[in-house]
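Biologist: Please pick one part of this model and go through it closely, in words a first-year student can follow. After that, I would like to hear what is found elsewhere in the chain.

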Amino acid sequence: MKSFFKIGEISKIKDKEMELINILPSIIADNALHAKWLNTLSLMENTGARKISASEDPLTVTYIILKHAAEEHRHAFYLKKQIEKNGKDACPTYAPEYLLAPAYSKYYLNQLDIQVSRYLKQALKLSGKDLRFAAYLLVTYAIEVRADELYPVYQEALENAGSKVNVKSIILEEEGHLEEMINQLKQFSPQWEQHAQIAVEYESKLFADWVNALSEELVSA
């Protein structure tokens, strides 16, 4: 299955990954922005946890799915706690004024879920609980691939800035999550890599749009 991205589009997405690396020091250097950044990551982790729970079948839910949902909820809580290192009572809720690029951050996962579900309906003719489970596998895989790139970059920026904030525990768990998702995908389909690549490409485009929104907000701040 060929990629539906052209070479130029792939290059632009890689540029966006570098753009995020370049703007992280500016975010970390400003306590108010850093609190919003942590809150935004917390929102996205919480959204992921709720989506995992929503995909569960009440009778056949597995240990791995329960574990994954619990750990994503814990990541959301942990990131919220880290905000306290930038000032008490900062970003008490997920209201737009306490987030960076709120519209993009709130709909990132929802849009990915919609796109992957549409693909699965067309490519594999899935529906109902089979569709929900397959979408959970592919969407979560794509997000774990992103997390395995984003959190180490963020941790390095934190260390370079001498920040008290750290995300090392999240990095370790996200690495385990990616391995678990690959194992589940192998059981799902012999062609899992082809399907997973489509999900990753959808996510990459949404990621690029998100970084654009972050950059524009920082310029206008």
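Modeller: A helix here is a DSSP run of H or I with at least four residues, and helices are numbered from the N terminus. The model is predicted. The part for a close look is the loop between helix 3 and helix 4, and Cys91 has its place there. Helix 3 covers residues 63-83, and helix 4 covers residues 102-124.

Cys91 is not a glycine, yet its phi is positive, at about 50°. Its relative accessibility is 8%. The limit for a buried residue is under 20%, so Cys91 counts as buried. Ala101 belongs to the loop between helix 3 and helix 4 as well. Ala101 is not a glycine either, and it has a positive phi of about 45°. With a relative accessibility of 5%, Ala101 also counts as buried.

The next topic is the pocket. Helix 3 and helix 4 each supply at least two residues to the lining of the largest pocket, and so do helix 2 (31-55), helix 5 (128-161) and helix 7 (192-220). The space in this pocket is about 490 Å³. There are 28 residues in the lining, and the closest to the pocket centre are Met44, Gly48, Leu109, Val139 and Ile143. Sorted by class, the lining holds 15 nonpolar, 8 charged and 5 polar residues. The most comes from helix 5, which gives 11 residues.

Helix 5 also carries aromatic residues. Phe133 and Tyr136 lie in this helix, 3 residues apart, which is about one turn. In the whole structure there are 6 aromatic pairs. Trp37 and Tyr154 form an edge-to-face pair, because their ring centres are 5.7 Å apart and their planes stand at 75°; the cut-off for that label is over 60 degrees. Trp37 is in helix 2 and Tyr154 is in helix 5, so this pair ties together parts that are 117 residues apart in sequence. Both Trp37 and Tyr154 are buried. The rings of Phe133 and Tyr136 have centres 5.9 Å apart and planes at 40°, so that pair is called tilted. Phe133 has 32% relative accessibility and counts as partly exposed. Tyr136, at 5%, counts as buried.

Ring pairs also make up a cluster, whose members are Trp37, Tyr108, Tyr154, Phe207 and Trp210. Phe207 has a further partner: the charged end of Arg146 sits over its ring, 3.7 Å from the ring centre.

Another residue of helix 5 is Tyr151. Tyr151 is buried, with a relative accessible area of 4%. Tyr151 and Leu218 are 67 residues apart in sequence, and their C-alpha atoms are 20 Å apart in space.

The loop between helix 5 and helix 6 contains Ser163. Ser163 has a relative accessible area of 24% and is partly exposed. The C-alpha atom of Ser163 is 9.5 Å from that of Asn86, and 77 residues separate the two in sequence.

Further along, Ser189 has its place in the loop between helix 6 (168-188) and helix 7. Ser189 is buried, with a relative accessible area of 8%. A polar atom of the Ser189 side chain lies 3.0 Å from the backbone nitrogen of Gln191.

The last residue for this tour is Gln197, in helix 7. Gln197 is partly exposed, at 39% relative accessible area. Gln197 and Asn183 are 14 residues apart along the chain, and 16 Å separates their C-alpha atoms.

To return to the starting point: in the loop between helix 3 and helix 4, Cys91 and Ala101 both have a place. Cys91 has a positive phi, and Ala101 has a positive phi too. Cys91 counts as buried, and Ala101 counts as buried as well.

Key
Residues are numbered from 1 along each chain as its sequence is written. This is a predicted model: local features need pLDDT of at least 70, side-chain atom pairs count only at pLDDT 80 or more; totals for chains, interfaces and linings use all residues. Side-chain values use heavy atoms; hydrogens and water are left out. On a 1 Å grid over the protein atoms alone, a cavity is a set of points where a 1.4 Å probe fits but cannot get out, and a pocket is an open set with protein on both sides within 12 Å along at least five of seven lines; lining residues have an atom within 4 Å of a point. Grid points are joined across faces, edges and corners, and a volume is the space filled by probe spheres set on the points. Ala, Val, Leu, Ile, Met, Phe, Trp, Tyr, Cys and Pro count as nonpolar, Asp, Glu, Lys and Arg as charged, and the others, Gly among them, as polar. Buried means under 20% relative accessible area, exposed over 50%, partly exposed in between (1.4 Å probe, protein chains only). A polar contact is a pair of N or O atoms within 3.5 Å; within protein, one must be able to donate a hydrogen and the other to accept it, and residues adjacent in sequence count only if both atoms are side-chain atoms. Rings of Phe, Tyr and Trp (its six-membered ring) pair if their centres lie within 6.5 Å; planes under 30 degrees apart count as stacked, over 60 as edge-to-face and the rest as tilted. A charge sits over a ring if NZ of Lys or CZ of Arg is within 6 Å of the ring centre and within 35 degrees of the ring normal.
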